[in-house]
Amino acid sequence: MSPDLPIPAFTAPYAADDEAIATGLLRRVPREAASAARIDATATALIGSIRAGDRLGSVEAMLREYALSTKEGLALMVLAEALLRIPDSATADAFIEDKLGQGDFAHHRTQSDTLLVNASTWALGLSARVVRADETPQGTLAGLAKRIGAPAVRAATRQAMRLIGNHFVLGETIEAALGRAHAQQSDGVRYSYDMLGEGARTRDDADRYACSYAHAIAAIGRAAGNAPLPARPGISVKLSALHPRFEAVSRDRVLRELPPRLIELAREAKRYDLAFTIDAEEADRLELSLEVFAACLADPSLQGWDGYGLAVQAYQKRAAAVIDHVAELAQRFDRRLMLRLVKGAYWDTEIKRAQERGLDDYPVFTRKAMTDLHYVHCARKLLALRPRIFPQFASHNALTVATVLELAGETSDYEFQRLHGMGDALYARLLADHPTLACRIYAPVGGHRDLLAYLVRRLLENGANSSFVAQAGDDRVGLAELLRRPEAIIGTPVQARSDQIPRPSELYGAQRLNSRGVEFGDRAALQALLDDIEAARRPLPELPPATPEQAMAAIAAARDGFDSWTRTPAEARAAALERAADLLERRRASFIALLQDEGHKTLDDCVAEVREAIDYCRYYAVEGRRLFGDGVALPGPTGESNTLRLRGRGVVVAISPWNFPLAIFLGQITAALMAGNAVVAKPAEQTPVTAEAAVKLLYEAGVQRDALRLVQGDGASGAALVAHPGIAGVVFTGSTEVARAINRALAAKDGAIVPLIAETGGINTMIVDATALPEQVADDVVASAFRSAGQRCSALRLLFVQDDVADRMIALIAGSARELRLGDPRDPATQIGPVIDAEAKARLDAHIARMRREARLHFAGEAPGGGNYVAPHIFELRSAADLTEEVFGAILHVVRYRASEFGDVLDHIAASGYALTLGVQSRIDDTVAHVVARLPVGNVYINRNIIGAVVGVQPFGGSGLSGTGPKAGGPHYLPRFALEQTVSINTAAAGGNAALLAGGA
Ligand SMILES: Cc1cc2nc3c(=O)[nH]c(=O)nc-3n(C[C@H](O)[C@H](O)[C@H](O)COP(=O)(O)OP(=O)(O)OC[C@H]3O[C@@H](n4cnc5c(N)ncnc54)[C@H](O)[C@@H]3O)c2cc1C
C-alpha cells in the first residue's frame, strides 16, 4: 500500500453482540493437553511465589512503629488516601475527626465497608479477612484514637500517606524516579514512565503536561544507556492530558491541535530512541485516539524509529479490530510498532456511561472471563504479527502470563509489563525461571496531589473480588479455581454476558424500557444521526397565536372530551402513552431538528431532551397502570367492602416553558392525561412548532382529540385560560413571579378551589469544600452553570468555595470554561448555542454590565458576532446577598467562605427561600449529611453536576419559592392530578354475611 493514499479509517461495531464474539473465540480455543499441562505448571509456580511472597512489605514497619494492628493500619490507609489532597490543616483535622467518627457510624456503613475491603485487598497484599465484615474504618480508628491519642493517629496517617505514595509512585519527580529505577536496575527489567495527573481541563493544563512529558523524555533519554530498542526505557502518554477537549465531538479541533503536539514529543523520543506508548483510555475516545495515533505515525520525520506504539484494551469488543487496523497502518507506513495489550482499567466507568447514555449495548464485555478469553485471542494475533509488531503483555494474572508464555513458544521478541508496586513476586519468579524474558515496569511519576485518580483505579482493580490479585491474595481460593480457564468459565456462547448486568435498555426492569441514546464517540452512529436530522429538517412554519375565542372554545371542547377520556380504561391510556414514546423514538431526528431550529439547543441537549420526553411517557404509563386501575381495597368491618380509587379531575391547563419545549411540555400533558384529565396545553410563545408536532404525535398515538387541545399564545393567553371558571387544575413550569400570579388568579375565582402544581426556578447553589477533587469540581461546575447556555431551571447560579482552595478551583473552572465552543447549535462541536431570544440576551447583557461594575470578573468568554449569543461569565461576589434573583443564563457567581463560616453559608441558602437544586462537593460524610439535613432542597447532588435529572431516577422539583411539588417524574406526581374517591358497600345489606357465619361455625 502506498503511504500517499488516505489513512484508512478505523471502523468496527461499537458494541457487538457478546454471543457472536464468544462463538468465534470459543471455536478457536486450542485444546492440546500437553500445552494445557505446561500452562498449569507455569501458573502454579507463579501463584506459589505470589502466595509465599512478603505481602506486608513496609506496612509491617509502620504497624510496628505505631504499635498498630493490621486492621488499624488499613483504616489509616483509607484515611490517608483521602487526606492526600486536603491543603489546609483545619479541613484535614475536620476530615480526620469525621473519620474518627464521633458517635454514630451506622449510616456510613455500606460505603465504608466497600472502601475498607478495597483498601484491604489492594496490592499491598493484605487479606480482606483481617477485618471483620461488621467493622468499619471509623470504628477502628475511633478505638485507636482512644488508645494512642489523636495526635499519634495524625502522625501515623501522614506516615501511611507516604507509604501509599512510595508504594504506587516511583518518584515525585522524573529525576527521583530515574534514580530509584537505577538503584533497582536488574537484568531484563525495563521502565516506562507515566506522568501522573488527571486529564487536562484547561489549555494551561495541557501545556503543563506537554512540558512535563518533554522534560521527562529528555531526562529519560539522557539516562537511557546504550542498549537498543526494545530494551530501552520509555514513556507512556495520555492523549487526554495533552488536549483540554479530547472528545469525539471536538474531533476537528483535536485533529488540528493535538497531532502537532504529539509529533513534537514523539520526535524528542525518537531522538533518544525511546519507547513511546499512547495509553488506552475510555471507549468513546478510541476512534479519535486512533486517528491521532495515525496522524503522528504518518509524519515522515518519525520514519525509521521502532519505539512508537499504543495500548489496546482486551475488555473492549473492538480490540481485535484495533490490532488489525494498527497492523495495517504499520504495513502501510513500513514501520515497526509496539503494542501493549492490557485488559483495561475503566470497566466500571464504561458500564455506567453506557447505561447513562442509553446505548444499545456495552462496548466492553460484562463477564471477566470473556475479557480473559479475548485477551488470549488478541495475544495470539499480536504474536503472529511479529516482527512488524513488538507485542507487550501487561498483566498481573499468573494464568494469563502463563498462557502468553505458552503461546509465544521459545521466542523472546516480546515483553511482559507490570505496574510499579504490583506483580513483584510473579515477575521475579518468571524472570528467574526464564532469564531470556524481559519485563517492563510502568512507573508512575508525580506528587501526592496527583496520585488520587491513579490510586482509585488501582484500588478498584485490586479490590474487586473477580480480580486475580485479590483472589491470589485470598488463601480461601483454591489453586484449581485460579487455574480455571476462561473458556471453561464461559461454557457456551449464550453465557457470554453477565446476568447481573442488565443491558442499558433494561435498566428500569421489565416494566419500563430506558430511552435510547447515542454514543457520539461512535462516529458511524453520530453520522447516521446527523444525516437523519438533516433529512428531517423543514422550514419552521409561522403559527399564529390563538384568538381569545379559540382559547375559550378549546376549554369547552376539552370539557366535552373529559367524560369519554376519563372513562377510557387506565390500561388504554397507558398504552397510548407508550405508543407515543415509541413514535418519539422513531421520529427522534425530526424532533431534534425542531429543538435545534426553534429552541437553539445543542445536539447533546436535544438528544437528552427527546429521551426525557420518552421517559416521561413510559414512566407515567407504568405509574398510571399501578394507580388508576381497580383501586385499593381497604380494611374495615365485616359485611362491608371499602375501596379507594383515583379518578380524573376535569380539565387541566398545562403551561410550559421554552427551555424544554418537548420534555416539560409532554411531561405535564402526559401526567394529566394519564390521571384521566382532559388537557388544554399552552406552550411558550417561543416554541409553538415543537408543541404542535408533539400534540399531533399524541393524537396519532391514540389520545382523543377532545381530551387534548393546544392553545398557542403568550402570557396573556395563559392568564385567560387560568381565569376560566371551568378548569379543574393548573400545571405550570416557569418563573416564580408568574406562578404567583397564577396562584392569585386561581384564589380570586369563585367556585371550587383549583389546585396548582408549579415548578419554578431558583438561585441554585453548589458548595465546594477543600476535600473536593478540583478536576471533578471544574467538570461539574462548568456543566451545571454553562450547559444549555445556563437556561435550565436546575442550572448552577451561585458557587460557594472554601477560600483555602478557591484560587485554584476558580482558575480551573475559568480555564475549562474558556475551552467551551460557542456557535451554531446544529454543529455537533458546539457546546453553547445562542440564548432563546433578543429579550433574554438584553436582560443577561444588562446583568453582566452591572456585575462588571459591582463584582470581580474572573472570566468572560467570547461570543460570536451576530445572533443572540451571551458568552459565559464568572463573577466573584463580595457577599452571597449581592445576588437577589435568578439570572437565567451562563453567568456563574462565586462566593468564598472560610471553613469556620460554613454554617453561615447554609443559613444564607436556607434564607433565600429557593430550594430547587443544590450541589455539595466534599469527601466528608458528616458535612454532606449535615447539609442534606439542614436544607430542604428538592434535588441534592453530591460530588456530581446538578443538572440533567432523569425521570424516575431523580424526580425533579423544589419547594419554597422554587415550586409546590410534587416532583415531576416521581411517584407522587400523578396522584396530584387526580381526585380520590372511596366506595363503601354494605355487603350485608342484601341478606347477611354468609362468610362470617361460616367462619364462626
Ligand atoms: C504496564 C501496564 C500498563 C497499563 N496501561 C493501561 C492502559 O493504557 N489503559 C488501560 O485501560 N489500562 C492499562 N493498564 C491497567 C490494566 O488494564 C489493568 O492492570 C488490567 O486490566 C489488570 O488485568 P490483570 O490481567 O492484571 O488482572 P485480572 O484480575 O485478570 O483482570 C482484571 C481486569 O478484568 C477486566 N474485568 C473485570 N471485571 C470484568 C467484567 N465483569 N467483565 C469484563 N471484564 C472485566 C478489567 O479489565 C479488569 O481490570 C495497564 C496495566 C499495566 C500492567
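This tour moves through a predicted model, from the whole chain to the ligand site and then to individual residues.

**The whole chain**

Begin with the entire protein chain displayed as a cartoon. The chain holds 38 helices and 25 strands. Of its 1001 residues, 57% are buried. Switching to a surface view shows an accessible area of about 39,300 Å², and carbon and sulfur atoms contribute 53% of that surface. Among contacts in the chain with a separation of 6 or more, 78% link residues 24 or more positions apart.

**The ligand**

Next, select the ligand and the residues around it. Which residues come closest? In a shell of 31 residues, the closest to the ligand are G344, T371, S395, E461 and F468. Colouring the shell by class gives twelve nonpolar, ten polar and nine charged residues.

Now display the polar atoms. The side chain of D279 places an N or O atom 3.5 Å from an oxygen atom of the ligand. The side chain of W347 has an N or O atom 3.3 Å from a nitrogen atom of the ligand. At F365 the partner is a polar backbone atom, 3.3 Å from a ligand nitrogen. How much of the ligand does the protein bury? Taken alone, the ligand exposes 940 Å², and the protein buries 93% of that. Five elements each give two or more residues to the surrounding shell: the strands β4 (308–313), β5 (337–342) and β7 (415–419), together with the helices α16 (368–384) and α19 (452–463).

**Strands β4 and β5**

Select β4 and β5, both of which contribute to the ligand shell. The two strands run parallel and are joined by five bridges. To see how they are aligned, label G309, which stands opposite M338 in β5.

Then keep β5 alone and show its side chains. L337, L339 and L341 point one way, while M338, R340 and V342 point the other way, and all are buried. Because six of its six residues are buried, β5 is largely enclosed by the rest of the structure.

**Strands β6 and β7**

Move on to β7, another contributor to the ligand shell, and add β6. These strands also run parallel, with three bridges between them. A useful pair to label is Q392 and E415, since Q392 stands opposite E415 in β7.

Both faces of β7 are covered. E415, Q417 and L419 lie on one side, F416 and R418 on the other, and all are buried. With five of its five residues buried, β7 is therefore largely enclosed by the rest of the structure.

**N397, after β6**

Follow the chain out of β6 to N397, which lies in the loop between β6 (389–394) and α17 (398–408). Is this loop residue buried or exposed? N397 has a relative accessibility of 8%, so it counts as buried. Its side chain reaches the backbone nitrogen of L399 at 2.8 Å. Beyond its sequence neighbours up to four places away, N397 touches K343, K368, L426 and F468. Of these, F468 is also among the residues closest to the ligand.

**G234 in β2**

Select G234, found in strand β2 (residues 234–237). G234 is buried, with a relative accessible area of 0%. Leaving out residues up to four places away in sequence, its contacts are Y191, S192, Y193, I220, L274, A275 and R440. Draw a distance from its C-alpha atom to that of R190: the two are separated by 8.3 Å, although they are 44 residues apart along the chain.

**A654 in β11**

Go next to A654, in strand β11 (residues 651–655). A654 counts as buried because its relative accessibility is 1%. Which residues does A654 touch, apart from those up to four places away in sequence? They are Q668, I669, V679, V680, A681, K682 and V731. A C-alpha distance to G729 reads 8.6 Å, for a pair 75 residues apart along the chain.

**S717 in α30**

Finish by selecting S717, in helix α30 (residues 715–723). S717 has a relative accessibility of 13% and so counts as buried. Aside from its neighbours within four places in sequence, S717 is in contact with K682 and Q712. K682 links this stop to the previous one, as A654 touches K682 as well.

Notes: Residues numbered from 1 in each chain as written. Predicted model: local features only at pLDDT ≥ 70, side-chain atom pairs only at ≥ 80, totals over all residues. Heavy atoms only, no water. Helix = DSSP H or I, 4+ residues; strand = E, 2+ residues; numbered from the N terminus. Buried < 20%, exposed > 50% of the residue type's maximum accessible area, 1.4 Å probe, protein only. Contact = heavy atoms within 4.5 Å. Near = heavy atom within 4 Å. Polar contact = N/O pair within 3.5 Å; in protein donor to acceptor, adjacent residues only side chain to side chain. Areas by Shrake-Rupley, 256 points an atom, 1.4 Å probe, with all protein chains shown as cover. Nonpolar A, V, L, I, M, F, W, Y, C, P; charged D, E, K, R; others polar. Pairing = 2+ DSSP bridges.
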